[in-house]
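Trainee: I should like to work through this structure with you, step by step. Where would you advise that we begin?

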Amino acid sequence: MLSILDKYILKRYLGAFALLLVLFLPIMVTVHIAEKIGKIISNDAPFGEVIIYLLDFTIYFSNFLFPLFLFISTMFFTSKLAMNTEVIAFLSSGVSFNRFLRPYIIGATIVCVIALILSAVFVPNASSGFNEFQNKYFNRGGDKKTTNVFRQINDSDYIYVSNYQPSSQIGFDFTLEHFEGNELKYKIYANRIKYEDSTYVLSGYKKRTILEDGEKIEREQRKDTLFSFDIDELTPSDYIAETLQFSELNDFIELEEKRGNADMNIYYVEKYKRTSIPVSAFIFTLIAVAVSSVKKRGGMGLNLAIGIVIAMTYVFLDKVFGTIAEKSTFNPWIAVWFPNIFFAVVAFFLIRNARR
C-alpha cells in the first residue's frame, strides 16, 4: 500500500514530468515548423500530411528526450521540496533515505514501462512516418548505402553492385554468384541492372557456367529476367531499423547478417537503445534526487545548473559512442550502454553521499 508520503511525492514526480512535456513539446514543434516551413511550402506538402508528420515528429523525438525531461523535472520539484525544508521534515520524522526513495522508484518504473511500450509499438510507426515525410519533401531520395553493395540473398546466391541509384532503381557492375555447397556453379555479370515492371533488365549481360570439363560463356546485349529479390532490399535505408517492431528488428538483423551486410552496427545500436533509454529513467531519477534533495546555498538555480550539465554530458556521451559504434567495429552493446553504466556508477556514489 502507498502511504501519504508515497502518494504525495509520486503525484509531484509524475505531475512535474507531464507538465514539462506539455510546456516543452509545443516549443519544440514550433521551432521545427519555423525551420522547415520553407521546404514544406515549396514542395506543396498537403496540410493533412504535415499534421501527421508533426505528430510523428513529437513522438519520435520525445522517445529520445524523455530521460532528460524526467531528469530536469525531478530536479526541479525535489529542489523545491528541499528549499521548503520538506525533505528535512520527512527524514526527521524517522523516514530513512531509502524509504524516501521508494515513491521515486515507483514513478521511474511507471515511466520506464510506458517508455518500453512506446518504443515497441508507437515509436517505430512514428519513425516510419517521420522519415518517409522527410525523404518525400525534404531529402528527395532517402538515405541509403549506394556504393559497393554486397549481399547474400539466400543460402546459395550472392550479389554485388558497385553503385546503386535508388531514385531510378539502377545498379552498375552487377554480379550474381551461385554456389552449391562450396563450389561455384555459375556467375552472372552485367554492366547495368535496372528494375522495370517487376522485371530486371540486364545490359551487357554475361553468364559463366562452370562445367565438369570446362566452362560455358553466354553473352547478350540485353536480357530481361527475374530474380528472387527486390532491388530496394539490397540497399535498405539507414533508418529502417527504427521503423521495425522489436521482433521484426531481430528478424531483420538475422536476415542482414546472412546477406553479408557490413554495416550491422547501425541496426544493433537501434536494438540496444530500445531498452537502454527506458532504463535510464531509473538512473536519472536517482541522480536527480541525490543532487537536489540537499538544500544548497545557491538555491534551486544551482541544482538546475548541475542538472543541465549532467544532462548535456549524457547526451554528449550517448551521441559520441553511438556514432563510434555505427561507423566502426566498436562493440555496439558497450557503446549504447556505456552512458547508462557510467551514470549508474555516478548515481551510486551520489546516493551513498546523500544518505550521510
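Mentor: Let us begin with a definition: two strands pair if DSSP finds at least two bridges between them. Please keep in mind that the model is a predicted one.

Trainee: In β2, which residue is the bridge partner of Q152?
Mentor: Strands β1 and β2, the latter covering residues 157-165, pair in the antiparallel sense over 5 bridges. A hairpin is formed by these two strands, with 4 residues between them. Within this pairing, the partner of Q152 is Y158.

Trainee: In what order do the strands of the open sheet lie?
Mentor: In general, strands of a sheet pair through backbone hydrogen bonds, either parallel or antiparallel. Here the sheet is open and holds 6 strands, and their pairing is antiparallel. The order is β1-β2-β3-β4-β5-β6.

Trainee: Why do β1 and β6 each have one side without a neighbour in the sheet?
Mentor: The order of the open sheet begins with β1 and ends with β6. β1 (147-152) and β6 (214-225) therefore have one side without a neighbour because each stands at an edge, with a single partner strand.

Trainee: What is the average twist from one strand to the next?
Mentor: The twist concerns the 6 strands of the open sheet, which are paired antiparallel. From one strand to the next, the average is 15°.

Trainee: Which residue in β3 is the bridge partner of Q165?
Mentor: β2 and β3 run antiparallel and are joined by 7 bridges. In this pairing, Q165 has as its partner in β3 the residue I170.

Trainee: Which residue in the turn between β3 and β4 has a positive phi?
Mentor: Strand β3 comprises residues 170-180 and strand β4 residues 183-196, and 10 bridges join the two. One example of their facing positions is F174, which stands opposite A190. The two strands form a hairpin with 2 residues between them, and the turn residue with a positive phi, about 70°, is G181.

Trainee: With which residue does the side chain of K187 meet in a salt bridge?
Mentor: In general, side chains of opposite charge can pair when their charged atoms come close. A salt bridge requires the nitrogen to lie within 4 Å of the carboxyl oxygen, and this pair has an N to O distance of 3.2 Å. The two residues are 10 apart along the chain, K187 in strand β4 and its partner in strand β3. The partner of K187 is E177.

Trainee: How many salt bridges does a search of the whole structure find?
Mentor: The pair of K187 and E177 is a salt bridge. For the whole structure, the number found is 9.

Trainee: Which residue in β5 stands opposite Y195?
Mentor: Strand β5 covers residues 199-211 and pairs with β4 in the antiparallel sense over 9 bridges. The two form a hairpin with 2 residues between them, and D197 in the turn has a positive phi of about 50°. Opposite Y195 stands Y200.

Trainee: In β6, what is the bridge partner of S203?
Mentor: β5 and β6 run antiparallel and are joined by 11 bridges. The hairpin between them passes through 2 residues. The partner of S203 is R222.

Trainee: On which residue is the kink in α1 centred?
Mentor: Helix α1, residues 4-42, has 39 residues and reaches 57 Å from its first C-alpha to its last, close to the 57 Å expected. Just after α1, D44 takes a positive phi of about 55°. The kink in α1 is of about 55°, and its centre is K36.

Trainee: Which element gives the largest share of the nonpolar patch?
Mentor: The patch lies on the surface with about 900 Å² of accessible area together, and its residues include F316, W333 and F349. Two elements, α7 (299-327) and α8 (332-355), give two or more residues to this patch, while F330 has its place in the loop between α7 and α8. The largest share, 6 residues, comes from α8.

Key. Residues numbered from 1 in each chain as written. Predicted model: local features only at pLDDT ≥ 70, side-chain atom pairs only at ≥ 80, totals over all residues. Heavy atoms only, no water. Axes fitted to C-alpha atoms, helices over the stretch in contact; angles between N-to-C directions. Expected span 1.5 Å × (residues − 1). Bend = angle between axes of the 7 residues up to and from the residue. Patch = residues over 30% accessible without salt bridge, like charges linked within 9 Å, V, L, I, M, F, W, Y side chains within 5 Å. Areas by Shrake-Rupley, 256 points an atom, 1.4 Å probe, with all protein chains shown as cover.
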